[in-house]
Amino acid sequence: MWIEVTETHVSQRATTKEVYAVNKIGAVEGNAPLRGIIDSTTDEIRAAIKQNSVNRLDSNPRTIPASLLNCALSLIVSRFASRALSQEITVQDARYQEYSRAVEMLDK
């Protein structure tokens, strides 16, 4: 089953403070930074899947396998905090650990 990652998925994983701050930044700049992070992460995951010629991609370019949703959310929320909010994420941070595991999963 393939699924489209939405802002709702991310808001369930990110803190309310993070969601509010990013939405505020987007309102001021007139863009949707969260949607951009979701789209670029979706593209990255689909590219990783496509590297193996045995794998087939869903025809909808905005979807990923449902089994990779947690991986995608770990990547998105980490990027969300570090890029949009300019928060430094340290190696000891649980979010960094989740991000590292997600990157390793994509590498496989």
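**Close-up views of a predicted model**

Buried residues make up 38% of the 108 residues in the protein. The model shown in these views is a predicted one, and the legends below start with the whole chain before moving in on individual residues and the largest pocket.

**View 1. The overall fold has 5 helices and 2 strands.** Reading from the N terminus, the elements follow the order β-α-α-α-β-α-α. Among contacts in the protein with a separation of 6 or more, 70% join residues 24 or more positions apart. The protein exposes about 6,700 Å², and carbon and sulfur atoms supply 50% of that area.

**View 2. His-9 sits in helix 1, which spans residues 7-13.** Is His-9 buried or exposed? Its relative accessibility is 19%, so His-9 counts as buried, given that the cut-off for buried is under 20%. The side chain of His-9 reaches back to the backbone nitrogen of Thr-6, at 3.0 Å. Setting aside neighbours within four places in sequence, His-9 is in contact with Ile-3, Glu-4, Leu-69 and Leu-73. Keep an eye on Leu-69, as the next view turns to that residue.

**View 3. Leu-69 of helix 4 is a contact partner of His-9.** Leu-69 has a relative accessibility of 16% and therefore counts as buried. Besides His-9, its contacts beyond four places in sequence are Ile-3, Val-5 and Ile-64. How far apart are the C-alpha atoms of Leu-69 and Glu-4? They are separated by 8.9 Å, although the two residues are 65 residues apart along the chain.

**View 4. Ala-72 is another residue of helix 4, which covers residues 69-84.** With a relative accessible area of 1%, Ala-72 is buried. Which residues does Ala-72 touch, not counting those up to four places away in sequence? They are Val-5, Thr-41, Ile-45 and Ile-64. Val-5 and Ile-64 also appear among the contacts of Leu-69. From Ala-72 to Leu-106 the C-alpha distance is 9.6 Å, with their positions 34 residues apart in sequence.

**View 5. Thr-63 belongs to strand 2, residues 63-65.** A relative accessible area of 6% is why Thr-63 is described as buried. The Thr-63 side chain makes a polar contact with the side chain of Asp-58 at 2.9 Å, and it also reaches the backbone oxygen of Asn-60 at 2.9 Å. Leaving out neighbours within four places in sequence, Thr-63 is in contact with Trp-2, Ile-3, Glu-4, Thr-42, Arg-46 and Asp-58. Of these, Ile-3 and Glu-4 may look familiar from the view of His-9, where they are contact partners too.

**View 6. The largest pocket holds about 180 Å³ of space.** Its lining is made up of Ala-48, Ile-49, Gln-51, Asn-52, Asn-55, Leu-68, Met-105, Leu-106, Asp-107 and Lys-108. The elements that give two or more residues to this lining are helix 3 (33-50) and helix 5 (94-107). Which helix gives the most? Helix 5 does, with 3 residues. By class, the lining has 5 nonpolar, 3 polar and 2 charged residues. Leu-106, one of the lining residues, is the residue paired with Ala-72 in the distance given for View 4.

How values were computed: Residues are numbered from 1 along each chain as its sequence is written. This is a predicted model: local features need pLDDT of at least 70, side-chain atom pairs count only at pLDDT 80 or more; totals for chains, interfaces and linings use all residues. Side-chain values use heavy atoms; hydrogens and water are left out. On a 1 Å grid over the protein atoms alone, a cavity is a set of points where a 1.4 Å probe fits but cannot get out, and a pocket is an open set with protein on both sides within 12 Å along at least five of seven lines; lining residues have an atom within 4 Å of a point. Grid points are joined across faces, edges and corners, and a volume is the space filled by probe spheres set on the points. Helices (H or I, at least four residues) and strands (E, at least two) are DSSP runs, numbered from the N terminus. Ala, Val, Leu, Ile, Met, Phe, Trp, Tyr, Cys and Pro count as nonpolar, Asp, Glu, Lys and Arg as charged, and the others, Gly among them, as polar. Buried means under 20% relative accessible area, exposed over 50%, partly exposed in between (1.4 Å probe, protein chains only). Contact means heavy atoms within 4.5 Å. Accessible areas come from the Shrake-Rupley method with a 1.4 Å probe; for residues, only the protein chains shown count as cover. A polar contact is a pair of N or O atoms within 3.5 Å; within protein, one must be able to donate a hydrogen and the other to accept it, and residues adjacent in sequence count only if both atoms are side-chain atoms.
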